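User: I have a model open and want to learn how to read it. Can you take me through it feature by feature?

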Amino acid sequence: MPGNPAFRQIQVAFLEADVHMHRFEKLIEETKGFLDPAEGRRLYDVALEASRLGPFLEIGSYCGKSALYLGSACRENGQVLFSIDHHRGSEEQQPGEAYFDPDLYDDRQKQIDTLPFLRRTLARAGLEDTVVPLVCASAVAAKSWSTPLALVFIDGGHAFETAWLDYTCWSGHIMAGGYLLIHDIFKDPAKGGQAPYDVYKRALATDRYEELEMTGTLGVLRRRSEGDAGAAV
Ligand code: MG
């Protein structure tokens with residue numbers, strides 16, 4: 001009933017949710033990155049469930065596109081997302097390479113610097129109390145890490161050694177029932193590099209993960225509890 005105060009309250013709540021969604025979508029659109037909206041939506045859905053268990057860690061912050069999805073879900077449940085990146089760009093993002101973006105090149109430093117872009121994204125999204133940027137190589141942050149993680153998202157460098165190092169550094173910190181997400185999985189070598197798919201297959205071969213449905217190039221694995229685990233790494 002339109003005159004009813006409870007009804008008006010619901011109307012206002014829906015309007016606010018609409019405005020919020022519109023702002024979020026605009027921010028997603030304006031943030032540089034290589035994640036398509038369906039993959040982003042899946043990240044958010046998995047993250048919403050996982051953030052009931054514990055904190056997250058992502059490798060490959062870039063300009064913060066995936067942090068918008070993961071961080072928003074974390075915020076819902078009062079969790080934190082640690083987001084690692086050296087911010088100097090991956091191999092294919094260097095000058096002269098296929099994914100070089102001149103906007104990200106800092107003339108004074110004479111190198112790529114994506115950190116200011118990440119900071120701007122987090123500030124605009126109000127995620128500065130939720131997302132903790134770690135500015136270093138993933139193996140450096142892993143040296144003294146001991147916090148169990150509910151979700152690890154591997155979206156860093158695409159060289160075999162880099163992707164494998166990210167996996168070996170972080171997968172052991174995933175708690176039972178937690179998630180290992182891997183981006184840029186191309187089962188057809190003609191469509192993209194094979195390192196993320198290689199890591200995905202090796203993770204599955206340990207029998208420590210349950211394979212869930214993929215979305216686009218986003219692989220979703222759920223860590224079994226110790227009792228269910230089969231062969232060791
Ligand atoms: Mg990616």
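**Reading the model**

Analyst: Start with confidence. The protein chain has an average pLDDT of 94, and 96% of the residues score at least 70. This is a predicted model, so keep pLDDT in view.

User: Where does pLDDT stay under 50?

Analyst: Over residues 229-233. For that stretch the model has 7 contacts beyond four places in sequence.

User: Which domains does the assignment give?

Analyst: Domain 1 covers 1-30, and domain 2 covers 33-228. Taken over C-alpha atoms, the centres of domain 1 and domain 2 are 30 Å apart.

User: Now the sheet. What is the strand order?

Analyst: Read across the sheet, not along the chain. The order is 5-2-1-6-7-9-8 in an open sheet of 7 strands, and the pairing is mixed. At the edges lie strand 5 (131-134) and strand 8 (209-215), each pairing on one side only. On average, neighbouring strands are turned by 15° against each other, direction ignored.

User: What does mixed pairing look like at the two edges?

Analyst: Take one edge, then the other. Strand 5 pairs with strand 2 (residues 81-84) in the parallel sense, over 4 bridges. There, L81 has V131 in strand 5 as its bridge partner. Strand 8 and strand 9 run antiparallel, joined by 5 bridges. Here E211 has L221 in strand 9 as its bridge partner.

User: How many residues lie between strand 8 and strand 9 in their hairpin?

Analyst: There are 2. In the turn, G216 has a positive phi of about 60°.

User: And the side chains of a strand, where do they point?

Analyst: In a regular strand they alternate between the two faces of the sheet.

User: Which helices pack on this sheet?

Analyst: Helix 6 (residues 160-170) is one of them, touching strand 1 (56-59) and strand 6 (149-154). Its direction makes about 175° with that of strand 6. Helix 7 (residues 195-205) also packs on the sheet, touching strand 6, strand 7 (174-182), strand 8 and strand 9 (218-223). The direction of helix 7 makes about 155° with that of strand 7.

User: How do I describe two packed helices?

Analyst: Give the angle between their axes and the distance between the axes. Now the case here. Helix 3 (residues 65-76) and helix 4 (residues 115-125) have axes that come within 10 Å and cross at roughly 35°. Their crossing is right-handed.

User: Which residues meet there?

Analyst: From helix 3, A67, L68 and G71; from helix 4, T121, L122 and A125. The contact residues divide into 4 nonpolar, 2 polar and no charged.

Methods:
Residues are numbered from 1 along each chain as its sequence is written. This is a predicted model: local features need pLDDT of at least 70, side-chain atom pairs count only at pLDDT 80 or more; totals for chains, interfaces and linings use all residues. Two strands pair if DSSP finds at least two bridges between them. Axes are lines fitted to C-alpha atoms, for helices over the stretch in contact, and angles run from 0 to 180 degrees between N-to-C directions. Two residues are in contact if their C-beta atoms, placed from the backbone, lie within 7 Å. A crossing is left-handed if the near helix is turned anticlockwise from the far one by less than a right angle, and right-handed if clockwise. Ala, Val, Leu, Ile, Met, Phe, Trp, Tyr, Cys and Pro count as nonpolar, Asp, Glu, Lys and Arg as charged, and the others, Gly among them, as polar. pLDDT is the predictor's confidence in each residue, from 0 to 100. Domain bounds come from an automatic or database domain assignment.
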